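Welcome! Here is a short briefing to help you find your way around the structure shown below.

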Amino acid sequence: MQDSRLAEKLSVIDPFSFNSLEEVRDTLVDMLDDYLWDLHSVPWARPGFEFYFCEASMVVLGTQIQVATLSEFCSEIVKVPLNSIYYHFFDARWRLRSIKADDFSNWIKDSYDLPELVSALQGIDVWFYSLDEVRNTILELVSQHIEKPDGNKT
Amino acid sequence: MATRLNNLEPIVGTIVVEQLQRMAERMDRQRFIHINSTRSGGGVAEMLAQTIPLWNELGIDAHWGVIEGDQSFFEVTKAVHNALQGFKANITKAMFDHYLEINRENAGRFELDADFIVVDDPQPAYLIEYMRSRARRWIWRCHIDASKPDRKVWRFLREAVKHYDASIFSMLNFAQNLPHPQFLVYPSIDPLSEKIGSFLTKRSWR
């Protein structure tokens, strides 16, 4: 639609700063409504440049990899596909309805008394890293904990 | 003997092969039949020649059926193909009738029943009219750029396609106004095909 200003406004919305996808939608609608309010006519996309809404469904498959300790977690997290990292670390935020929650830190919170590690994992900036880097950062944080003198029990 | 999966593994990685195997397990006891208009020549035949054996290797009960037709039939389907891509085509009622007749004749030739019948492109699209009860679900896959189809031809084809349970298009803007779910499957290449193989020796895939 040749509108880079509006495009930039929409692109800086951080979906992970909202508690639900409904809130993300409401924000997008509000932003577009605000933009249209000041215009005398509604802009049109040229034929062939329309926006096509898609619906997406996720197929979730077990990887047959399971771990019972943090040491096993470190040795196995490097073997799972990156889409597994996406599912447990990004998708979990919508699934668990909490922007701070993910499956990894939830598992550690439920299985161990390690609030510092949980908070470090929850503090990973999801915008700053690629999936591969997220995996390495998680691995680094958990490994650092294991290497602590009192961390080898996990 | 090296299998297709063995050959794919160094290219796509173990993780992808394992994902395929786990997804195939979910297809347990489902029978698929793919139907197109030619056993060789053209992208669809190339694709099916590779995917049907791959599906079988994964344990999926998949078969490949090909319709038969005379020269007049394929002249009509060529005109339909071009019209779907937006070119003007002069297809008479007699030509449409011949197309329907060949579809009807072919419907009598298929003996297998299936859970899913996937029909590729317009040539066999009207089979559903004559053998709907032979499969639980019918899927029409359109490999053609149908973003601006000729209105008359699309209206004719839509009469059959609307009876399918789903359709598959290659691009978002090829999708049409249809009364069933439309899925998007992007065009893909087969790294094991001879065409791609020579390219593969020169490039790294990952």
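## Two helices and the chain around one of them

In chain A, the buried residues of helix 7 pack against helix 3 (70–77), helix 4 (82–95), helix 5 (103–111) and helix 6 (115–122). Please keep in mind that this is a predicted model. The points below begin with chain A as a whole, then look at helix 7 of chain A and at helix 5 of chain B.

**Chain A as a whole**

- Chain A has 7 helices and 0 strands, and from the N terminus on its elements run α-α-α-α-α-α-α.
- The C-alpha trace of chain A spans about 65 × 30 × 25 Å along its principal axes.
- The radius of gyration of chain A is 20 Å, whereas a compact globule of 154 residues would have one near 15 Å.
- Of the 154 residues in chain A, 9% are buried.
- Among the contacts in chain A with a separation of 6 or more, 47% are between residues 24 or more positions apart.

**Helix 7 of chain A**

- Helix 7 of chain A covers residues 131–147, which makes 17 residues.
- From first C-alpha to last, helix 7 of chain A reaches 24 Å, close to the 24 Å expected at 1.5 Å a residue.
- Which residues of this helix are buried? In helix 7 of chain A they are A:Val134, A:Ile138, A:Val142 and A:His145.
- Seen down the axis of helix 7 of chain A, these buried residues fall within an arc of 55°, so they line one face of the helix.
- A general point helps here: an α-helix has 3.6 residues a turn, so residues three or four places apart point the same way.
- The other side of helix 7 of chain A holds the exposed residues A:Asp132, A:Glu133, A:Glu140, A:Gln144 and A:Glu147.

**Helix 5 of chain B**

- Helix 5 of chain B (residues 93–107) has 15 residues, which should span 21 Å at 1.5 Å a residue; its end C-alpha atoms are 21 Å apart, so the two agree.
- The buried residues in helix 5 of chain B are B:Tyr99, B:Ile102, B:Asn103 and B:Asn106.
- These buried residues cover an arc of only 100° around the axis, so they sit on the same side of helix 5 of chain B.
- On the other side of helix 5 of chain B, you will find B:Lys93, B:Ala94 and B:Asp97 exposed.
- What do the buried residues of helix 5 of chain B pack against? Their partners are helix 4 (71–84) and helix 6 (127–131) of chain B.

Methods
Residues numbered from 1 in each chain as written. Chains lettered and ligands numbered in written order. Predicted model: local features only at pLDDT ≥ 70, side-chain atom pairs only at ≥ 80, totals over all residues. Helix = DSSP H or I, 4+ residues; strand = E, 2+ residues; numbered from the N terminus. Expected span 1.5 Å × (residues − 1). Buried ≥ 20, exposed ≤ 12 C-beta atoms within 10 Å, placed from the backbone. Arc of directions from axis to C-beta. Contact = placed C-beta atoms within 7 Å. Rg over C-alpha atoms; globule rule 2.2 N^0.38 Å.
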